[in-house]
Structure formats: structure tokens, C-alpha cells
Amino acid sequence: QLQLVESGGGEVQPGGSLRLSCEASGFTSDNYAIGWFRQAPGEEREGVSCISSNSDMLNYRDSVKGRFTVSRDNAKNTAYLQMNSLTPDDTAVYYCAAGPKFPHYYCSYWTPWEYDTWGPGIQVTVSS
């Protein structure tokens, strides 16, 4: 059974940092892109970042560029989202998702329908 589980969320003050992890299980290979998405209360889900299966392509939405860094360790079946300089606007439930249909060198975070396995999500709250 394919499964993704996020960890590392929590509450942090503005300007603080968190590192989210996304652990995959049940996959027979690491040939899938990982996307990170978030949904704030009352808002639609939005794509945040993605990383291709071979880590050659990293993409970020404009509002997180320079603050967030996506990475993955295929040997550990785990992807990461390092989030620095957090602001209250980053408060949301964060999800990781696996997209096996992407070529190994490509990913996109603006096409969530191409991701077919999703984690349950984890809360990130930025508040003073």
C-alpha cells in the first residue's frame, strides 16, 4: 500500500524555521516527483514546491522563493521542506504528494491532479 506521512510541523514564531519531512512507504521505486502543497483555513489548496525524482528540478512558488528549500533522500525514502523566515501567511496544513507520472527530470506544483498519493497533512502555525 502506497503511503506518505508528513512530520515536523508545529507552532513557531514569525521569523522562525521548521523542517517538514515526508516519508514514503510501499513504493517499489523512487521514480516519482514529490510535491508540497498547503491549505490555509478558508482558502483553496495551493502548490508550494516540488522536486523531481532525480532532484534535478526544484520549483517554488514566488511567495516562498529564497525562504523554503526542498530536498529528498531517496535512500531514506524521505523528502524534506526546509522553511525559514516563516510568516503568519505561511500558516496552513501542509501536504506532500507523490507524482509517478512525471519524467524523472521534471516536476510541477501547479498541476496537483498529477499527484496520486497524498499524505494526511500536518499543521504549521506561525504566530507570536
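Let's start on the loop side of this predicted model: Tyr-105 sits in the loop that runs between strand 9 and strand 10, the latter spanning residues 117-118. Its relative accessibility is 49%, so Tyr-105 counts as partly exposed, given that exposed would require over 50%. Together with Tyr-106 and Trp-110, Tyr-105 makes a nonpolar surface patch of about 340 Å².

Now to the inside. Which residues have the most contacts within the largest nonpolar core? They are Leu-20, Ile-34, Trp-36, Phe-68, Leu-81, Met-83 and Tyr-94, in a core of 26 residues. Each strand in the table below supplies at least two residues of this core.

| Strand | Residues |
|---|---|
| Strand 3 | 18-25 |
| Strand 4 | 33-39 |
| Strand 5 | 46-51 |
| Strand 7 | 68-73 |
| Strand 8 | 78-83 |
| Strand 9 | 92-99 |
| Strand 11 | 122-126 |

There is also a second core, separate from the one above and made of eight residues, including Ala-33, Phe-37, Cys-50 and Phe-102.

Finally, have a look at Gly-10, which belongs to strand 2 (residues 10-12). With a relative accessible area of 27%, Gly-10 is partly exposed, because the buried class is kept for values under 20%. Leaving aside residues up to four places away in sequence, what does Gly-10 touch? Its contacts are Leu-18, Gln-123, Val-124 and Thr-125. Leu-20, one of the core residues named above, is ten residues from Gly-10 in sequence, and their C-alpha atoms are 9.6 Å apart.

Technical notes: Residues are numbered from 1 along each chain as its sequence is written. This is a predicted model: local features need pLDDT of at least 70, side-chain atom pairs count only at pLDDT 80 or more; totals for chains, interfaces and linings use all residues. Side-chain values use heavy atoms; hydrogens and water are left out. Helices (H or I, at least four residues) and strands (E, at least two) are DSSP runs, numbered from the N terminus. Buried means under 20% relative accessible area, exposed over 50%, partly exposed in between (1.4 Å probe, protein chains only). Contact means heavy atoms within 4.5 Å. A nonpolar core is a set of buried Ala, Val, Leu, Ile, Met, Phe, Trp, Tyr and Cys residues joined through side-chain atoms within 4.5 Å. Patches are made of residues with over 30% relative accessible area and no salt bridge: like charges are joined within 9 Å, nonpolar side chains (Val, Leu, Ile, Met, Phe, Trp, Tyr) within 5 Å. Accessible areas come from the Shrake-Rupley method with a 1.4 Å probe; for residues, only the protein chains shown count as cover. A salt bridge is a side-chain nitrogen of Lys or Arg within 4 Å of a carboxyl oxygen of Asp or Glu.
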